[in-house]
Amino acid sequence: ASPLWIGTINAALFVAPLLVALPAGLWADRTSPRRLMAAGAALRGIALALIAVAWGLGWLTEPWLLVLAFVAGLASTTYVVVAQSAVPAMVPAGTLGAANARIETGAHVSSTVGPLMGGALGRFLAAPLLPLVAAVATVVTAASALRLPEPRRHTHASPPRIRDGLRYVLSHPLQRRILLRSATAMIGMMAIVTMMPVAVVRAMGYDALALGLVLGVSGVGGMLGAAASPALARRFGDGGVVVVASAVGGLSALLYPMSLALPRGWDIATLLLAETLSLGAVTVYSVTGRTLRQELCPPELQGRMNASMSFAVQGSGPLGALLGGAVASWAGVPAAFWLGAAIILGSVPIVLLSPLRGMREIPVER
């Protein structure tokens, strides 16, 4: 497929928040989170399994892959929005940051093992069969979700409305800053991530195993970032660590385009370093930023707050994916990487020039 088609298919994964994130937040505030999480995991598994089925029947084309990626994105968005909303109600007071760090650690263990498995299995299996492995994993996810404790429900003075979450996020000065920075950085990161397979396999000339190594090493950076998040929050403060992580992530992003200009061997090493540093910084930002958002938000608005964030942040992903694919098609992969890095670095002043920079503790509002 062309770089533009690859960007389009990646965009399908991230366009889902524009349709389902806000309703998912409303459902999370109204109904059982664990059942919604299980349903989201099950639907994702079905979509992934159908990739292999369609390939086996000779039906798998770019449009079919686009549709199945879109369905998988819908399911993932539902799961993530509901899960983020359920955590604050499930853990004891004062442990939310540690809980978010553990969740991120688990996610990055998966993102380390998964690409390495995919790269290795890709040597022996046809690529369209690999989603079957992920489909089996979603069965475990759905079963685990059903075993979660049911979080306590909150009473509402009036029927929950989607616009209440949007109004809260856009009117709160700190929530608004986090949203703007996250959405901007997502555009830049997706421009890079979408073209990563093209960069490693076509521009650099490495095989699928090397691609799996690059994507897997990023998970190591994520695990280190998750483990370091509580200590960094104590060192720089709840708001300061958000600024520090943003700055480190912005500077690390410059290593992506630089890697494409280096000799063989040095290019993949620099790309590995870029992935490790960038994903470490992203994880620190994600853990501390999510904890800050959850602590600031009233309990009855958790679902709709997280949904509004996902709508804006994940919804900006398709723009980055399409932008990366289009620029790579017209000007080459290095140009797409430089553009993505510039956007990520340009997002840093949004939090640097804000009250977050000197904020030691979260100003809890109830």
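Hi everyone, this is a short tour of a salt-bridge network, a helix pair and two buried residues in a predicted model.

Some housekeeping before the tour. Because the model is predicted, local features need pLDDT of at least 70 and side-chain atom pairs count only at pLDDT 80 or more, while totals for chains, interfaces and linings use all residues. Residues are numbered from 1 along each chain as its sequence is written, and side-chain values use heavy atoms, with hydrogens and water left out.

Let's start with charges. Side chains of opposite charge can pair when their charged atoms come close. How many salt bridges does a search of the whole structure find? It finds four, where a salt bridge is a side-chain nitrogen of Lys or Arg within 4 Å of a carboxyl oxygen of Asp or Glu. Please look at Asp29, Asp164, Arg167 and Arg304, which are linked in a network of such bridges.

Take Asp29 and Arg304, whose closest N and O atoms are 2.8 Å apart in their salt bridge. This pair links distant parts of the chain, with Asp29 in helix 2 (residues 17-30) and Arg304 in helix 14 (residues 302-313), 275 residues apart. By helix I mean a DSSP run of H or I with at least four residues, numbered from the N terminus. Are these two partners buried or exposed? Asp29 counts as buried because its relative accessibility is 11%, and Arg304 is buried too, with a relative accessible area of 4%. The cut-offs here are under 20% relative accessible area for buried, over 50% for exposed, and partly exposed in between, using a 1.4 Å probe and protein chains only.

Arg304 also forms a salt bridge with Asp164, with the closest N and O atoms 3.5 Å apart. Asp164 lies in helix 7 and Arg304 in helix 14, so this pair ties together parts that are 140 residues apart in sequence. Asp164 has a second partner, Arg167, at 3.3 Å from N to O. Those two are three residues apart in helix 7 (residues 162-171), so about one helical turn separates them. Asp164 is buried at 16% relative accessible area, whereas Arg167 counts as partly exposed at 48%.

Now for the helix pair. Helix 5 (residues 96-121) and helix 13 (residues 266-296) pack at an angle of about 145 degrees, with their axes 9 Å apart. The axes are lines fitted to C-alpha atoms over the stretch in contact, and angles run from 0 to 180 degrees between N-to-C directions. Among the residues that meet, helix 5 brings Asn100, Glu104 and His108, and helix 13 brings Ser286, Arg290 and Glu295, among others; contact means heavy atoms within 4.5 Å.

Lastly, two buried residues. Ser182 sits in helix 8 (residues 173-194) and counts as buried because its relative accessibility is 13%. Leaving out residues up to four places away in sequence, Ser182 touches Tyr285 and Val313. With Tyr285 there is a side-chain polar contact of 2.7 Å, meaning a pair of N or O atoms within 3.5 Å; within protein, one must be able to donate a hydrogen and the other to accept it, and residues adjacent in sequence count only if both atoms are side-chain atoms.

Gly45, in helix 3 (residues 33-56), is buried because its relative accessibility is 7%. With residues up to four places away in sequence set aside, Gly45 touches Ala135 and Thr138. Thanks for listening!
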